[in-house]
Amino acid sequence: AGLKRKDKATWLDRSLIIGPYLCLCTTEKDYHAVMDYLKVPAHQRRPWVSGRADATTHLLENQDHGLVAVVCLGDVSRRSPVDVAALLVHEAVHVWQAFCEDIGEKSPSGEFEAYSIQSISYELLSAFAQQARRKMKDQQR
């Protein structure tokens, strides 16, 4: 719930590390919209989901934003919720690895790694749940 404000002090954001920009694309259309936004030319884009994979993380270095991770999740309509969660956690590890490389971290502590992967996984899972709810509402219309 946070600290109650009893004075005029300004409480600041508690996050210690700001990681890469992160987004989840569950359709190829969304992926291309993100690539357009990031100004990635069509001829430089890789397939939104690689080969026979069910998910792919695209790592980009954007001159305006720094490290950007675009996680793409293919058709998971026949997958269980646990399968989807496992895929997203797998991709979260790739994001974590790229982040460590980006900041020059060669031997992060186990707790730093665990909390970071937990946080990235949480963001991806939350985004997936939100997109799934939106899709269900759209189908009911």
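Start by selecting Cys25 and Cys72: in this predicted model, Cys25 stands opposite Cys72, a residue of strand 3. Now show the whole of strand 1 (21-25) and strand 3 (66-73). The two run parallel and are joined by five bridges.

**The cysteines of strand 1**

Keep Cys25 on screen and add Cys23. Are they bonded to each other, or apart? The sulfur of Cys23 has its closest cysteine sulfur in Cys25, but at 4.3 Å that is too far for a bond. Cys25 is likewise in no disulfide, with the sulfur of Cys23 as its nearest at 4.3 Å. With a cut-off of 2.5 Å between sulfur atoms, the count for the model comes to zero disulfides. Colour by accessibility and look at the pair again: Cys23 counts as partly exposed, at 23% relative accessibility, while Cys25 counts as buried, at 1%.

**Across to strand 2**

Next, select strand 2 (55-62). Strand 2 and strand 3 run antiparallel, with eight bridges between them, and they form a hairpin with three residues in between. To see one rung of this ladder, pick Ala55, whose bridge partner in strand 3 is Leu73. Strand 3 itself is mostly covered, as seven of its eight residues are buried.

Stay in strand 2 and zoom in on Thr56. Thr56 is buried, with a relative accessible area of 7%. Draw a distance from a polar atom of its side chain to the backbone nitrogen of Ser50, and you should read 2.8 Å. Leaving aside neighbours within four places in sequence, the contacts of Thr56 include Arg46, Trp48 and Val49, as well as Val70, Val71, Cys72 and Glu91.

**Helix 2**

That last contact, Glu91, is one of the buried residues of helix 2. Select the helix, residues 81-103: its 23 residues reach 33 Å from first C-alpha to last, close to the 33 Å expected at 1.5 Å a residue. Show the side chains of its buried residues, among them Val84, Leu87, Leu88, Ala92, Val95, Trp96 and Phe99. What do they pack against? The answer is strand 1, strand 2, strand 3 and helix 3 (110-140). An α-helix has 3.6 residues a turn, so residues three or four places apart point the same way. Just after the helix, click on Gly104, which takes a positive phi of about 80 degrees.

**Into the core**

In soluble globular proteins, nonpolar side chains tend to be buried together. Here, the largest nonpolar core has 18 residues, and those touching the most other members are Leu24, Val71, Leu73, Leu88, Trp96, Ile120 and Leu124. Strand 3, helix 2 and helix 3 are the elements that give two or more residues to this core. The largest share, eight residues, comes from helix 2. A second, separate core of 11 residues includes Cys25, Val34, Met35 and Val40.

Two members of the largest core deserve a closer look. Centre on Trp96 and, not counting residues up to four places away in sequence, you will find it touching Pro108, Phe112, Glu113, Ser116, Ile117 and Ile120.

Finish with Leu24, back in strand 1. Leu24 counts as buried, at 9% relative accessibility. With the same sequence neighbours left out, up to four places away, Leu24 touches Val71, Leu73, Leu88, Leu124, Ala127, Phe128 and Gln131. For a last distance, join the C-alpha atoms of Leu24 and Ser50: these residues are 26 apart along the chain, and the atoms are separated by 15 Å.

Conventions:
Residues numbered from 1 in each chain as written. Predicted model: local features only at pLDDT ≥ 70, side-chain atom pairs only at ≥ 80, totals over all residues. Heavy atoms only, no water. Helix = DSSP H or I, 4+ residues; strand = E, 2+ residues; numbered from the N terminus. Expected span 1.5 Å × (residues − 1). Buried < 20%, exposed > 50% of the residue type's maximum accessible area, 1.4 Å probe, protein only. Contact = heavy atoms within 4.5 Å. Core = buried A, V, L, I, M, F, W, Y, C linked by side-chain atoms within 4.5 Å. Polar contact = N/O pair within 3.5 Å; in protein donor to acceptor, adjacent residues only side chain to side chain. Pairing = 2+ DSSP bridges.
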